[in-house]
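Reader: Could you take me through the ligand sites and the cysteines of this model, one question at a time?

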Amino acid sequence: MEQLTIPREEYLNPGHLGCPGCGATIAMKLALKALGDKTIVVIPASCWGILAGPYPNSSLNVPILHTAFATAGAAASGIRAALDMQGDTETTVLSWAGDGGTFDIGFQSLSGAVERNENCIFVCYDNEAYMNTGVQRSSATPFGTQTTTTPGQGWKKTRKKNIIESLAAHRIPYAATTSIAFPEDLIRKFQKAKQLTGGSRFLHVLATCPPGWRVASELSVKVARLAVQTNIFPLYEVEDGINYSLNYEGNRKVKDYLEIQGRFKHLTEEDTNKIQRLVDEDWKLLLKKIV
Ligand SMILES: Cc1ncc(C[n+]2csc(CCOP(=O)(O)OP(=O)(O)O)c2C)c(N)n1
Ligand code: SF4
Ligand SMILES: [Mg+2]
C-alpha cells in the first residue's frame, strides 16, 4: 500500500466554529499536522479569531495569542524574542492572518517583521475578502468579483495584489503559494518552512470560503483545485527572493473556475475573456522567472 505522507496527528478539534466546507479550517488542520505541537499561533482579527472558540475553550491543541487586526507581524516578533530569551529555539512561531490582515491593514507590521528577517512563519490564509464581517472587498479580491462593498457596478474592477511577489521582494529566505486542495504540497511547504529557521518564511494559502464565494460547501476543495488548474493561483516557491520553482502547470480555462461560483455569476463572456487574458499575462511573467 502506498505510504501516506500526511501526518496522522490532529491539532484541530471537532467542534470548531467554522462554516461547513471552510477552507481556512482545512488550511489550519493541515498546517499544524506539518508543524507539530511545538507551535505558538498568533491570530489577528479574522474568521480564525472566532474559529478558535471563546476562552477558556479552544479548537486548537496548541497555544494561541489573539492580537489586534494590524499587529500579527509585531506580535509574532515579540513572541519569538521572548522564546529566544528563554533559550527555546525549538518552538515555531506561526503568524496566521487572513487576506485583510496580510494584504491590507496588517501589511506594515508584516513588512517590518520580514525586513528584520524575524525567525517566524507568516501565513496568509486567503479567502479573498473580509469574510468575518460580511464579505467586504480587500486588495486580495480578484478582478471581476462581486462583494458587499464593491463600488461602482457591484464588482471589483482592479486586479488582486500580488502578495507573494511583494514578500519575495523583501528577499526573505522562503516564500511560497499553496492550496487546501493540494494537501501534500501544503504539508511539504510547511515542513520546509519549519526547517528554514534562519529568517522569515511566508506562505500564501488559497482557502475557499463557501458563503463568501457563493459555492456549495461540498465544492470547497474542488473550487480551490480549479484555481490552481486554471493557473489563476499557481503553486510555486521563491527562495531568497530570486530562485523560483514551479510546482504545477495548469491547462484548464478560467471559465471552468468562474462559472461555478455565485460571486462571478454576473460576468459576461467578454469579462471572462478579459480575465483569461489577465491570467495568461501573469502566467507568462511567472514562467520567465522559473530557472
Ligand atoms: C482595526 C479593526 N478594524 C476592523 C475590525 C473588524 N474586523 C474584524 S475581522 C475583519 C475582517 C478580516 O478579514 P480577513 O483578514 O480577510 O480575514 P477573514 O475574516 O476573511 O478570515 C474585520 C474588518 C477590527 N477587528 N479591527
Ligand atoms: S465565513 Fe468563510 S472563512 Fe469564515 S468561517 Fe465561514 S467559510 Fe470560513
Ligand atoms: Mg479574508
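Author: What follows is a set of questions and answers on a predicted model.

Reader: Which residues coordinate the magnesium ion (ligand 3)?

Author: The donor residues are spaced along the sequence as D-x27-N-x1-A. Two of these donors sit in separate loops, one between β3 (92-98) and α4 (100-104) and the other between β4 (121-126) and α6 (163-168), and this pair, 30 residues apart, links distant parts of the chain. At distances of 2.0 to 2.1 Å, the magnesium ion (ligand 3) is coordinated by D99 (OD), N127 (OD1) and A129 (O).

Reader: Is D99 buried or exposed?

Author: A residue counts as buried when its relative accessible area is under 20%, with only the protein chains taken into account. The relative accessibility of D99 is 0%, so D99 falls below that limit and counts as buried.

Reader: Which backbones place an N or O atom 2.9 Å from an oxygen atom of ligand 1?

Author: Ligand 1 is surrounded by 16 residues, and the closest of them are G100, G101, Y125, A129 and N132. For M131, the distance from a backbone N or O atom to an oxygen atom of ligand 1 is 3.0 Å. The value of 2.9 Å belongs to backbone atoms of G100 and N132.

Reader: How much of the accessible area of ligand 1 does the protein cover?

Author: The contacts to ligand 1 include one from a backbone N or O atom of N132, which lies 2.9 Å from a ligand oxygen. On its own, ligand 1 has 590 Å² of accessible area, and the share of this that the protein covers is 71%.

Reader: How many charged residues are in the shell around ligand 2?

Author: The residues that surround ligand 2 are G18, C19, C22, C47, N127, C209, P210 and P211. Of these, N127 also coordinates the magnesium ion (ligand 3) through its OD1 atom. By class, the shell around ligand 2 has six nonpolar and two polar residues, and the number of charged ones is zero.

Reader: Is C47 buried, partly exposed or exposed?

Author: C47 is one of the residues around ligand 2. Its relative accessible area is 23%, and because the buried class ends at 20% and the exposed class begins over 50%, C47 is partly exposed.

Reader: How many disulfides does the model have?

Author: A disulfide requires two cysteine sulfur atoms within 2.5 Å of each other. C120, which is buried at 1% relative accessibility, is in no disulfide, and the nearest cysteine sulfur, that of C124, is 16 Å away. By this rule, the count of disulfides is zero.

Notes. Residues are numbered from 1 along each chain as its sequence is written. Chains are lettered from A and ligands numbered from 1 in the order in which they are written. This is a predicted model: local features need pLDDT of at least 70, side-chain atom pairs count only at pLDDT 80 or more; totals for chains, interfaces and linings use all residues. Side-chain values use heavy atoms; hydrogens and water are left out. Buried means under 20% relative accessible area, exposed over 50%, partly exposed in between (1.4 Å probe, protein chains only). A residue is near a molecule or strand if one of its heavy atoms lies within 4 Å of it. A polar contact is a pair of N or O atoms within 3.5 Å; within protein, one must be able to donate a hydrogen and the other to accept it, and residues adjacent in sequence count only if both atoms are side-chain atoms. Accessible areas come from the Shrake-Rupley method with a 1.4 Å probe; for residues, only the protein chains shown count as cover. Donors are N, O and S atoms within 2.8 Å of the metal (3.2 Å for Na, K and Ca); water is not among the atoms, so sites may look incomplete. Helices (H or I, at least four residues) and strands (E, at least two) are DSSP runs, numbered from the N terminus. Ala, Val, Leu, Ile, Met, Phe, Trp, Tyr, Cys and Pro count as nonpolar, Asp, Glu, Lys and Arg as charged, and the others, Gly among them, as polar.
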